[in-house]
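Let's take a walk through this one together, starting with the overall surface and then zooming in on a couple of residues. Have the viewer open as you read.

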Amino acid sequence: GIFFMLFVLGLEFSFEKLRGVWAVAVYGSGLMMLLVCGASAVGAGVLGGAAIEGVAVGFCASLSSTAVVVTTLTRDEMDRPEGRATVGVLVLQV
């Protein structure tokens, strides 16, 4: 299902549109993943688990559902800079 969703996304969304928001997508995605993994590692430590297990859980939790978000965004929202940045982050997380 995710491959079909990315195929449809590729038909409607071009790299030229992503080029304008690449910095937000790259840095936003990286920062979000670091924060979620760090918070999960701390949470695992507080609960008596190993930090590496918390990082693994955080990594899985930081990958949002591309299919849900892309189907939620309308075409008008995808054409705005916020929509392009959101799609850019989702593409980087896959």
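Start with the outside. The protein chain exposes about 6,100 Å², with 72% of that area coming from carbon and sulfur atoms. Keep in mind that this is a predicted model. As for the inside, 28% of the 94 residues in the protein chain are buried.

Now for the secondary structure. You'll find 7 helices and 0 strands in the protein chain, so reading from the N terminus on, the elements go α-α-α-α-α-α-α. How do contacts split by sequence separation? Take the contacts in the protein chain with a separation of 6 or more: 67% of them are between residues 24 or more positions apart.

Let's zoom in on helix H3, which covers residues 22–46. Trp-22 is part of helix H3. Is Trp-22 buried or exposed? Its relative accessibility is 51%, and because the exposed class begins over 50%, Trp-22 counts as exposed. Across the sequence, Trp-22 pairs up with Arg-84 for an interesting check: the two are 62 residues apart along the chain, yet their C-alpha atoms sit 9.1 Å apart in space.

Stay in helix H3 and move along to Ser-29, which lies there too. Ser-29 has a relative accessible area of 4%, and since anything under 20% is classed as buried, Ser-29 is buried. Which residues does Ser-29 touch, leaving out those up to four places away in sequence? The list is Val-24, Val-89, Leu-92 and Gln-93.

Notes: Residues numbered from 1 in each chain as written. Predicted model: local features only at pLDDT ≥ 70, side-chain atom pairs only at ≥ 80, totals over all residues. Heavy atoms only, no water. Helix = DSSP H or I, 4+ residues; strand = E, 2+ residues; numbered from the N terminus. Buried < 20%, exposed > 50% of the residue type's maximum accessible area, 1.4 Å probe, protein only. Contact = heavy atoms within 4.5 Å. Areas by Shrake-Rupley, 256 points an atom, 1.4 Å probe, with all protein chains shown as cover.
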